[in-house]
Protein chains: 2
Amino acid sequence: MKLHHLNASRSQRIVWLLEELGVEYALVRYNRDPQTRLAPDSLRDIHPMGKAPLLESDGHVIAESGAIAQHLLEKFDDGHRLHPAPGTPGHTLYLEWMHAAEGAPFLPGLFLGYLAMSGLGDHGLGDYLRQEKEKASRCIEDHLKDHAYFAGDAFSAADCMMGFQIKLAAEAGNLADGSATLDWFNRVSERPAYHRTLGVGV
Amino acid sequence: MKLHHLNASRSQRIVWLLEELGVEYALVRYNRDPQTRLAPDSLRDIHPMGKAPLLESDGHVIAESGAIAQHLLEKFDDGHRLHPAPGTPGHTLYLEWMHAAEGAPFLPGLFLGYLAMSGLGDHGLGDYLRQEKEKASRCIEDHLKDHAYFAGDAFSAADCMMGFQIKLAAEAGNLADGSATLDWFNRVSERPAYHRTLGVGV
């Protein structure tokens with residue numbers, strides 16, 4: 001099994017999940033262009049969209065971090081240690097946050113990044129997106145006030161998926177002291193698999 | 001079971017999937033503001049992100065179309081008629097395209113919509129996004145040259161998920177005559193459940 005990994009990208013989620021699962025994998029590293037921040041063209045040799053992460057597994061190349069995570073959980077988490085089974089507590093929350101990691105709570109920050117890179121951060125569209133991002137941050141914070149982890153009482157793959165966004169917020173100094181989101185980040189940061197992830201080089 | 005449905009939104013995917021599954025549901029309709037194209041504030045009474053679709057099921061409100069689809073398939077598709085089981089042909093493609101419907105092949109078009117609404121369509125960022133969108137369209141077209149449906153030989157929920165994007169392209173006249181994508185669209189348009197979806201009012 002081979003993970004095509006781009007620095008400072010969503011593939012951090014999959015490194016973390018692989019480390020949590022404790023499975024063997026080979027890492028193939030790619031680096032963003034330091035000026036444009038774009039992925040190198042060589043990723044397009046593996047998959048036509050040219051994005052990371054990409055997982056080679058069982059003769060398939062799988063794109064999209066959510067699909068890769070689901071594939072890994074089906075293959076290596078029979079015991080449902082990291083993905084609550086249907087009908088068990090946390091399953092519905094798990095589903096929602098697995099997808100939210102690419103959905104409404106994630107998009108405003110991503111769009112704002114594009115605007116900032118293009119010198120459009122001060123445009124009115126940025127104001128709208130900042131409001132949306134603020135709403136998303138409140139939504140995450142309110143959830144983590146009520147739940148220790150995204151799927152409820154127990155750590156799951158949804159935490160790996162949401163972690164990329166929250167790590168970016170933490171690094172930008174956007175998590176207030178005493179916030180539930182910062183508490184969550186500190187809690188998951190103590191996990192041995194998270195330490196190993198940082199060692200891989202995110 | 002109750003689906004909160006916003007016109008001209010991703011919730012079309014879920015109406016279609018519900019119609020394919022043939023299950024009973026109540027529809028609660030919301031309309032975009034004709035000027036701003038934003039969802040009404042009343043959706044925030046149901047879920048703090050204030051987006052559609054939202055599904056009320058078994059005492060939970062579930063957001064994110066991918067999560068809602070997965071919930072519905074677990075609940076109503078034991079026989080795996082609309083979601084290939086792990087280990088069966090098409091399962092890996094199914095996973096990838098279920099997530100691609102919110103991922104790399106979908107985002108450039110969404111971002112371009114935001115730019116156009118903000119009078120920024122001619123900005124250089126738009127040029128980059130148009131290239132990305134073109135790449136996504138080619139990726140979809142190449143896939144559908146080789147496969148009758150997104151998950152391979154058989155129709156699945158991945159077709160419902162991807163359908164929203166392709167329907168928009170068809171309505172904008174962006175699917176070339178004789179393209180595999182247009183053939184796919186014509187093929188799924190003949191499905192009785194798709195006709196019922198249009199009847200609901202997308």
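In this predicted model, the two copies meet through the same surface, because 100% of the interface residues of chain A are also interface residues in chain B. A turn of 180° with a shift of 0.0 Å along the axis lays chain A on chain B, at an RMSD of 0.0 Å. That is the relation of a two-fold axis.

The contact involves 44 residues of chain A and 44 residues of chain B. Together the chains bury about 4000 Å². Carbon and sulfur atoms account for 67% of that area. On chain A, Met49(A), Glu96(A) and His99(A) supply 16% of the area buried against chain B. No other three residues supply more.

Polar links also cross the interface. There are 14 residue pairs in polar contact between chain A and chain B, counting pairs with both residues at pLDDT 80 or more. Two salt bridges are counted between the chains. One of them joins the side chains of Lys51(A) and Glu132(B), with an N to O distance of 2.7 Å.

Several elements of chain A give two or more residues to the side that touches chain B. They are strand S4 (60–63), helix H2 (65–76), helix H3 (91–100), helix H4 (107–117) and helix H5 (124–146). H5(A) provides the largest share, eight residues. By residue class, this side of chain A divides into 23 nonpolar, 11 polar and 10 charged residues.

Helix H3(A) is mostly covered, with nine of its 10 residues buried. The buried residues are His91(A), Thr92(A), Tyr94(A), Leu95(A), Glu96(A), Trp97(A), Met98(A), His99(A) and Ala100(A). Glu96(A) and His99(A), both buried in H3(A), belong to the trio that leads the area buried by chain A against chain B. The cover over H3(A) comes from both chains. From chain A it includes H2, H5 and helix H6 (157–171). From chain B it includes strand S4 (60–63), helix H2 (65–76) and helix H3 (91–100). H3 of chain B is thus among the elements that cover the buried residues of H3(A).

Helix H4(A) also contains buried residues: Leu107(A), Pro108(A), Leu110(A), Phe111(A), Leu112(A) and Leu115(A). Their cover includes H5 of chain A. Chain B adds helix H4 (107–117) and helix H5 (124–146) to that cover. After H4(A) comes Gly119(A), which has a positive phi, near 70°.

Terms used: Residues are numbered from 1 along each chain as its sequence is written. Chains are lettered from A and ligands numbered from 1 in the order in which they are written. Side-chain values use heavy atoms; hydrogens and water are left out. Contact means heavy atoms within 4.5 Å. Buried area is the accessible area (1.4 Å probe) that two parts lose on being put together, summed over both. A salt bridge is a side-chain nitrogen of Lys or Arg within 4 Å of a carboxyl oxygen of Asp or Glu. A polar contact is a pair of N or O atoms within 3.5 Å; within protein, one must be able to donate a hydrogen and the other to accept it, and residues adjacent in sequence count only if both atoms are side-chain atoms. Helices (H or I, at least four residues) and strands (E, at least two) are DSSP runs, numbered from the N terminus. Ala, Val, Leu, Ile, Met, Phe, Trp, Tyr, Cys and Pro count as nonpolar, Asp, Glu, Lys and Arg as charged, and the others, Gly among them, as polar. Buried means under 20% relative accessible area, exposed over 50%, partly exposed in between (1.4 Å probe, protein chains only). Copies are superposed by least squares on the C-alpha atoms of residues with pLDDT of at least 70 in both.
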